[in-house]
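These are my notebook entries on a two-chain model. I record what I looked up, entry by entry.

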Amino acid sequence: MSNAEAIYDKVQALPASAQAAVLRMVELLDDASPARAAGESNSLARKFQELAETWRRETRFFSFMPQRALNPAYQRIIGMGWVVVPLLLRELQRQPDHWLWALQAITGEDPARSTDSLGAATEAWLIWGRARGLLPDAQE
Amino acid sequence: MPKNDLEESFPKLATGGYRITSLETSVYTCAAWAARETHRWWDPSSGGGSYWPPGVPPTDSLAGLLAAFATLGYEPCGDSGQEPGVERLAIYADGHGSPTHVARQLQSGAWTSKLGTAENIEHDTLEALEGPLYGKVVQHLRRLIGSGE
């Protein structure tokens, strides 16, 4: 089974509204030239990192989520939609931070609903992401 | 981040006197720190991954914060003076009245603050954090503490 076929299988677990965006990513992986697909992926990752860094810098002194999540850079990340979910999950894995609002807003899901700490919420989202093939499986 | 980033963001900080007392962390908020907790993000509006005292309406208004701290025995008072056996908090709010920050008074009379996801600092005056980011102190709270506090 190719990577694309495996992703097609995982997509069945996603809400209908998310499937079109993920399938578009799969088409890029399957049909576009490797160089073009890699270029688009790198461009997306660069844009995400720029926005993430801007958000951290501009909200670092704020404690209440409305002030943090209404920041324009954070809103632009949410506006990027499903295509940015794997990047959000990887960022959450690399350096836990308050990406929970963005993940919830984009996906419409809240696997961390019953948690009350950033560590527990991060773990819940990483489990959610791995179950959908959006993150590599945890190392044994 | 360099120290001058703090002073640029809080123009009165340098003249008010302050000391950085911790590393940066995204684990807890100013409200958690005021409540002496360092393991969870006190925030009424975050949903999963955050904490708000059970039974307190999840609103990020001044009334919501007062209700949250009332669960710990704090009640509104009129000033920031220092009294033996009393611990005080100060709540900052912006021009719209939306809370932006909570500071806790130390036994020395100075104040301790967790600045968002940045460092904790001790600051000698409440005015040191007033300005464009946090607005002004709009409410003082007090509670009696035991001799061991």
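**Entry 1: the sheet of chain B**

I began with the strands of chain B, bearing in mind that the model is predicted. Chain B holds an open sheet of 7 strands, in the order β1-β6-β5-β4-β3-β7-β2, and the pairing is antiparallel. I then asked why one side of β1 (18-20) and of β2 (75-77) is left without a neighbour in the sheet. Both strands stand at the edges and each has a single partner strand, so one side of each stays unpaired in the sheet. On average, neighbouring strands here are turned by 30° against each other, direction ignored.

**Entry 2: from β1 to β5**

I followed the sheet inward from the β1 edge. β1(B) pairs with β6(B) in the antiparallel sense over 3 bridges, and B:Tyr18 has B:His123 of β6(B) as its bridge partner. On its other pairing, β6(B) is joined to β5 (residues 111-114) of chain B by 4 bridges, again antiparallel. There B:Ser113 is bridged to B:Ile121 of β6(B). β5(B) and β6(B) form a hairpin with 5 residues between them, and B:Gly116 in the turn has a positive phi of about 60°.

I also checked which side chains of β6 (residues 120-123) of chain B are buried. The side chains alternate: B:Ile121 and B:His123 point to one face and are buried, whereas B:Asn120 and B:Glu122 point to the other and are not.

**Entry 3: β3, β4 and the helix packed on the sheet**

Next I looked at β3 (residues 86-93) of chain B, which is joined to β4(B) by 5 bridges in antiparallel fashion. B:Ala90 has B:Ala103 of β4(B) as its bridge partner. Helix α4 (residues 62-70) of chain B packs on the sheet and touches β2, β3, β4 and β7 (136-144) of chain B; the helix direction makes about 160° with that of β3(B).

Which residues of α4(B) are buried? I found B:Leu65, B:Ala68 and B:Phe69. Seen down the helix axis, the buried residues of α4(B) fall within an arc of 90°, so they line one face of the helix. Their cover includes β3, β4 and β7 of chain B.

**Entry 4: B:Ala103 and the nonpolar core**

I returned to B:Ala103 to list its contacts. Beyond its neighbours within four places in sequence, B:Ala103 is in contact with eight residues named here in full: B:Ala34, B:Leu89, B:Ala90, B:Trp111, B:Thr112, B:Ser113, B:Leu126 and B:Leu129. The largest nonpolar core has 61 residues, and B:Ala103 is one of those with the most contacts inside it. Others in that group include A:Leu88, A:Ala102 and A:Leu103 from chain A.

**Entry 5: the contact between the chains**

How many residues does each chain bring to the contact? I noted 25 residues from chain B and 22 residues from chain A. On the chain B side, α3 (30-34) and β4 (99-105) each supply at least two residues. By class, this side of chain B has 9 nonpolar, 13 polar and 3 charged residues.

**Entry 6: chain A, and one exposed residue of chain B**

I turned to the secondary structure of chain A, which comes to 8 helices and 0 strands. Of its 140 residues, 31% count as buried. Among contacts in chain A with a separation of 6 or more, 52% are between residues 24 or more positions apart.

Last, I looked up B:Asn4, which lies in helix α1 (residues 3-9) of chain B. B:Asn4 is exposed, with 9 other C-beta atoms within 10 Å. Its C-alpha atom is separated by 38 Å from that of B:Val56, 52 residues apart along the chain.

Conventions:
Residues are numbered from 1 along each chain as its sequence is written. Chains are lettered from A and ligands numbered from 1 in the order in which they are written. This is a predicted model: local features need pLDDT of at least 70, side-chain atom pairs count only at pLDDT 80 or more; totals for chains, interfaces and linings use all residues. Two residues are in contact if their C-beta atoms, placed from the backbone, lie within 7 Å. Ala, Val, Leu, Ile, Met, Phe, Trp, Tyr, Cys and Pro count as nonpolar, Asp, Glu, Lys and Arg as charged, and the others, Gly among them, as polar. A nonpolar core is a set of buried Ala, Val, Leu, Ile, Met, Phe, Trp, Tyr and Cys residues joined through C-beta atoms within 7 Å. A residue is buried if 20 or more other C-beta atoms lie within 10 Å of its own, exposed if 12 or fewer, and partly exposed in between; C-beta atoms are placed from the backbone. Two strands pair if DSSP finds at least two bridges between them. Axes are lines fitted to C-alpha atoms, for helices over the stretch in contact, and angles run from 0 to 180 degrees between N-to-C directions. The arc is that of the directions from the helix axis to the C-beta atoms.
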